[in-house]
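Hi everyone, thanks for coming. I'd like to take a few minutes to walk you through one model. Let me put it up on the screen.

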Amino acid sequence: MPIFVKIEEGKVDKSTFDQYIPAHHAYVRELIARGHKAKSGYWAVRGGGMMIFEAESMEQAQAIVAEDPLIKNGCVDYQLYEWRLVVE
C-alpha cells in the first residue's frame, strides 16, 4: 500500500491546539486499527509535526486527512505527499 506523509504547521495558540490532542490521538489509534500503519509526532522545536500512514490512493489519503481533528478544527495548515521509498 502506498505511504503518505502529512507535514503540518501549527496556526493556533498552544492552549487551543492542546484541547484537540486527545481526539487526534484517538483518530491515529483508529487509523492503526484500520490497518493504515499511522505514526504521528511533532518537531522538537514547537510549531508543527508530521503523520505518516498508508492508504490505497491519494484520494483516500486526502479523505483520511480531512477527518483529523487537528484539520477539522483549523489547528494546522498541511501539505500531503505520497512518499516513495528507495531504500528500506
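**The sheet and a tryptophan beside it**

Let's begin with a single pair: Ile7 has Gln79 of strand 4 as its bridge partner. Before I go on, please keep in mind that this is a predicted model.

Zooming out from that pair, strand 1, residues 3-10, and strand 4 run antiparallel and are joined by 8 bridges. On this sheet sits helix 3, residues 58-66, which touches strand 1, strand 3 and strand 4. The direction of helix 3 makes about 155° with that of strand 4.

Now the sheet as a whole. In what order do the strands come? The order is 2-3-1-4, with 4 strands forming an open sheet and antiparallel pairing. At the edges we have strand 2 and strand 4, residues 76-83, and each of them pairs on one side only. As for the twist, neighbouring strands here are turned by 15° against each other on average, with direction ignored.

That brings me to the residue I wanted to show you, Trp43. Where is Trp43? You'll find Trp43 in the loop between strand 2, residues 39-42, and strand 3, residues 48-54. Is Trp43 buried or exposed? Neither, in fact: Trp43 counts as partly exposed because its relative accessible area is 39%, which lies between the 20% and 50% cut-offs.

And what does Trp43 touch, leaving out residues up to four places away in sequence? The contacts are Ile7, Glu8, Gly48, Gly49 and Met50, so our starting residue, Ile7, turns up again here. Take Glu9 too: Glu9 and Trp43 are 34 residues apart along the chain, with their C-alpha atoms separated by 9.8 Å.

That's my tour, and I'm happy to go back to any view.

Technical notes. Residues are numbered from 1 along each chain as its sequence is written. This is a predicted model: local features need pLDDT of at least 70, side-chain atom pairs count only at pLDDT 80 or more; totals for chains, interfaces and linings use all residues. Side-chain values use heavy atoms; hydrogens and water are left out. Helices (H or I, at least four residues) and strands (E, at least two) are DSSP runs, numbered from the N terminus. Buried means under 20% relative accessible area, exposed over 50%, partly exposed in between (1.4 Å probe, protein chains only). Contact means heavy atoms within 4.5 Å. Two strands pair if DSSP finds at least two bridges between them. Axes are lines fitted to C-alpha atoms, for helices over the stretch in contact, and angles run from 0 to 180 degrees between N-to-C directions.
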